[in-house]
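Colleague: Before we discuss the model, may I ask you to display it together with its sequence?

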Amino acid sequence: DVITVGELAKRMGVKSKDLITELMRQGQMVTINHPLDYETAAILASEFNYEVENVAFDEEHVLTDDAVITDESGSDEGAIPRPPVVTIMGHVDHGKTSLLDAIRATNVTSGEAGGITQHIGAYDVTVNGRKITFLDTPGHEAFTSMRARGAKVTDIVVLVVAADDGVMPQTKEAINHSKAAGVPIIVAINKMDKPDANPDRVKQELTEFEMVPEDWGGDTIFVEVSAKTTANLDSLLEMILLQAEVLELKANPHKRAKGAIVEARLDRGRGPVATVLVEEGTLRIGDPIVSGLHYGRVRTMTNDRGDRLEEAGPSCPVEVTGLSGTPVAGDTFHAVESEKVAKDVATHRQRKIREQELATTSKISLEQLYARLQQGEVQELKVIIKADVQGSVEAVRDSLLKLSTDACRLVVIHTAVGGINESDVSLASASDAIILGFNVRAEAKAAAFAEEEGVDIRFYNVIYDAVNDIRDAMEGLLAPTL
Ligand code: GDP
């Protein structure tokens, strides 16, 4: 199916009603959102003296076509180890920014010392000849919004917990965001220089999240550090490299580059500037690239130390100029064969977006649950529970988990006391979950964000009502809300 009745009418500049009437005359009862295949659209259009061009375009094919270009064996077997990409998460004020700054400051090689570094959204450091890339927009908002847009750039999360403060609400959020993304966590207990530092308490508190230190019989790596004195930062970096080895991170540099946009902005002098992280392949000056709806040729590449680069390989973050517009953080980018192909891909996406604007959102809602279960599109319902008191959280969770069936498993991915915030919505969006609120409201920003993302939020005062709604939804008996 290529186009809806409404869209075809709009493009031909005729009333949808007239198209529907014409279709009825031909014996088809349709609504404005009815999709038409190419044949039908062509015949219909010709009735109105229009021609329809068949512009089927296989984006996937174009982007992967002939992607291996310089591998000597001519195959895709040239994958070699690549540096890990690390995101630092944790509660506000626990030292995420300080840690990122300290790691960067203590790992510039002597020649660069004193050189001016700038924030481009990511940087890499070299430790014993091996590289580690840090995303330097700390916090789980950036992490999750990137994931929601399809970018899975983070290999390892460093969870910062202040030794004098312990596990706090955003610590818990960060853990659940990382777990939902399936990314391994290394715990950095920070502020060890403080007299009231109590690392054992932090370790104790984290056991509740199945994060148990190795010396207590578990398998979570803990490192006690101080961003202020830089104590033990070298062990933290070593642990990151160790974890990276276990993960066997690999990429083939002998390909056209693809990766993710980490940050982007419009610079007055240089035009659109995007920090990209190459995930595979090698990006070079002059390469035609496309990201989202924007395309162009790589004009310049610069790292966070201001060095001009000719090429950037896997896990290498660089600031790129040359795009036609400002791309969106979290979008992917692809180097392609020619600028013409880049433009075709961008144009095709623009058209797809217009089509999707007409179609309904693909996010899960209780109303669509049954249909999606029937179609085999989903086998589980993921939920986030927010309530006014901890007792309700537990009670709701227990009642809901009992609803699991073979056909539909219930999975609680996050719970907390308090109103529904933007972090809940972004987690729900990234994980395709619904949010249940008990005697709580949604923050205004969160409500607007949920609307935008198509995230289903449901409010209840009584657990019984929620259980009934979800059971009905699983059985296809839920009455649609108006
Ligand atoms: P973020 O909100 O997690 O990014 O935290 P910041 O890096 O902004 O740090 C919050 C506060 O804690 C700042 O005042 C830092 O100077 C302080 N801080 C961060 N790390 C340490 C540390 O290791 N020791 C001490 N004493 N203070 C620290």
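**Barrel and helix pair**

Modeller: In this predicted model, six strands, with antiparallel pairing, form a closed barrel of 6 strands in the order β11-β12-β17-β15-β14-β18. From one strand to the next, the twist averages 45°.

Colleague: Which residue of β15 stands opposite Pro 288?

Modeller: Strand β14 (residues 288-291) runs antiparallel to strand β15 (residues 294-302), and 4 bridges join them. The hairpin of β14 and β15 has 2 residues between the strands, and Gly 292 takes a positive phi near 60° there. Opposite Pro 288 in β15 stands Arg 297.

Colleague: Which residue is the bridge partner of Ile 289 in β18?

Modeller: β14 pairs with strand β18 (residues 332-335) in the antiparallel sense, over 2 bridges. Ile 289 and Ser 291 point one way from β14, while Pro 288 and Val 290 point the other way, and all are buried. The bridge partner of Ile 289 in β18 is Ala 335.

Colleague: Are α6 and α7 roughly parallel or roughly antiparallel to each other?

Modeller: Helix α6 (residues 140-148) packs with helix α7 (residues 169-181) at an angle of about 25°, and their axes are 10 Å apart. Angles under 35 degrees count as roughly parallel. Therefore α6 and α7 are, to each other, roughly parallel.

Colleague: How do the residues of the contact of α6 with α7 divide into nonpolar, polar and charged?

Modeller: The crossing of α6 and α7 is left-handed. The contact includes His 140, Phe 143, Thr 144 and Arg 147 of α6, and among the residues of α7 are Glu 173 and His 177. The residues of this contact divide into 4 nonpolar, 5 polar and 2 charged.

Notes
Residues are numbered from 1 along each chain as its sequence is written. This is a predicted model: local features need pLDDT of at least 70, side-chain atom pairs count only at pLDDT 80 or more; totals for chains, interfaces and linings use all residues. Side-chain values use heavy atoms; hydrogens and water are left out. Axes are lines fitted to C-alpha atoms, for helices over the stretch in contact, and angles run from 0 to 180 degrees between N-to-C directions. Angles under 35 degrees count as roughly parallel, over 145 as roughly antiparallel, 65 to 115 as roughly perpendicular and the rest as oblique. A crossing is left-handed if the near helix is turned anticlockwise from the far one by less than a right angle, and right-handed if clockwise. Contact means heavy atoms within 4.5 Å. Ala, Val, Leu, Ile, Met, Phe, Trp, Tyr, Cys and Pro count as nonpolar, Asp, Glu, Lys and Arg as charged, and the others, Gly among them, as polar. Two strands pair if DSSP finds at least two bridges between them. Buried means under 20% relative accessible area, exposed over 50%, partly exposed in between (1.4 Å probe, protein chains only).
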